[in-house]
Amino acid sequence: MAQVVDVNLRLAGPQDSERMLAWRNLPEIRRWMYTDHVISQAEHERWFAGALANQTRRYWIIELDGTPVGLANLADIDVGQRRAAWAYYLADPSVRGRGVGAFVEYFVIEHVFGELSLGKLWCEVLVENEAVWKMHEAFGFQREALFREHVWKDGVPSDVVGLGLLARDWATVREASRERLKTRGLPV
């Protein structure tokens with residue numbers, strides 16, 4: 001039997017500001033973000049103040065066994081167009097490969113198509129981040145675009161994969177995704 005993993009997502013709050021700045025400046029996180037410069041305290045404070053107040057965004061702190069280990073977010077929540085974008089990262093490398101990312105993926109998808117009643121969830125992933133775009137595809141996302149030389153990282157152009165998941169597509173893979181998580185001992 002799989003070991004039960006205690007993963008939780010809680011809404012981010014003011015108490016998370018310093019942690020999020022530290023995470024955003026980790027080289028292994030910046031590597032996969034569109035911006036790769038070190039974020040200053042002032043820049044972060046401006047961003048953070050707007051981020052939590054913005055109704056088209058939602059931020060969750062990912063916790064494993066009660067310890068904060070990463071961040072998930074929705075962006076560009078558009079109720080009129082029935083879509084939202086999303087992203088996440090695991091800042092603590094020791095939790096990678098334990099199913100935490102898969103749990104986060106399931107949680108966010110369920111939130112978007114359940115609680116928010118949207119019709120589409122989409123994301124953009126650097127083409128080099130193959131593990132992440134393949135995980136999205138395992139949850140039913142389909143590749144919708146390849147944005148050539150879309151982002152410059154360390155002075156070099158990088159392609160970006162655009163992926164989308166429709167509510168009707170999720171309905172066809174939801175139960176299989178749920179079963180995969182259950183076999184890993186994740187709380188679904």
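Throughout this tour, a residue is called buried under 20% relative accessible area, exposed over 50% and partly exposed in between, with a 1.4 Å probe and protein chains only. The structure on screen is a predicted model, in which local features need pLDDT of at least 70 and side-chain atom pairs count only at pLDDT 80 or more, while totals for chains, interfaces and linings use all residues. Residues are numbered from 1 along each chain as its sequence is written, and side-chain values use heavy atoms, with hydrogens and water left out.

**Stop 1: the strands around E5**

Select residues 83–90, strand E4, together with residues 120–126, strand E5; the two pair in the parallel sense over 3 bridges. Helices (H or I, at least four residues) and strands (E, at least two) are DSSP runs numbered from the N terminus, and two strands pair if DSSP finds at least two bridges between them. For a landmark on this pairing, show alanine 85, which stands opposite tryptophan 122 in E5.

Now add residues 100–115, helix H4, which with E4 and E5 makes a right-handed β-α-β unit. Right-handed here means that, with the strands pointing away from the viewer, the path from the first strand over the helix to the second runs clockwise. Then bring in residues 156–166, strand E7, which runs antiparallel to E5 and is joined to E5 by 7 bridges; valine 125 has valine 161 of E7 as its bridge partner.

While E7 is selected, pick out serine 158 within that strand, a buried residue with a relative accessible area of 3%. Apart from neighbours within four places in sequence, serine 158 is in contact (heavy atoms within 4.5 Å) with Leu126, Glu128, Phe147, Glu149, His150, Val151 and Lys153.

**Stop 2: the nonpolar cores**

A nonpolar core is a set of buried Ala, Val, Leu, Ile, Met, Phe, Trp, Tyr and Cys residues joined through side-chain atoms within 4.5 Å. The largest one has 37 residues, and those with the most contacts inside it, worth showing as sticks, are Ile62, Leu74, Trp86, Val104, Val108 and Leu121. H4 contributes the largest share of this core, 9 residues.

Centre the view on leucine 121: leaving aside neighbours within four places in sequence, its contacts include Leu74, Trp86, Val108, Phe113, Phe141 and Leu163. A second, separate core of 12 residues includes Met20, Ala51, Ile61 and Tyr89.

**Stop 3: helix H1**

Select residues 17–24, helix H1, where the buried residues are Ser17, Met20, Leu21, Trp23 and Arg24. Looking along the axis, one finds that they cover an arc of only 165 degrees, which puts them on the same side of H1; the arc is that of the directions from the helix axis to the C-beta atoms. To see what covers these buried residues, display elements including helix H2 (27–30), helix H3 (41–53), strand E2 (58–64), strand E3 (67–78) and E4.

**Stop 4: the salt bridges**

Across the whole structure there are 8 salt bridges, each defined as a side-chain nitrogen of Lys or Arg within 4 Å of a carboxyl oxygen of Asp or Glu. Select glutamate 63 and arginine 10, whose closest N and O atoms are 2.7 Å apart. This pair links distant parts of the chain, with glutamate 63 in strand E2 and arginine 10 in strand E1 (residues 7–11), 53 residues apart. Glutamate 63 is buried at 13% relative accessible area, whereas arginine 10 is partly exposed at 22%.

Move next to glutamate 110 and arginine 174, which meet in a salt bridge of 2.7 Å, N to O. Glutamate 110 lies in helix H4 and arginine 174 in helix H6 (residues 167–183), so the pair ties together parts that are 64 residues apart in sequence. Both ends are partly exposed, glutamate 110 at 23% relative accessibility and arginine 174 with a relative accessible area of 29%.

Finally, select lysine 134 and glutamate 130, a salt bridge whose closest N and O atoms are 2.7 Å apart. The two are 4 residues apart in helix H5 (residues 130–138), and are therefore separated by about one helical turn. Lysine 134 is partly exposed at 43% relative accessibility, and glutamate 130 is likewise partly exposed, at 36% relative accessible area. To finish, show Arg10, Asp16, Arg19 and Glu63, which salt bridges that share partners join into one network.
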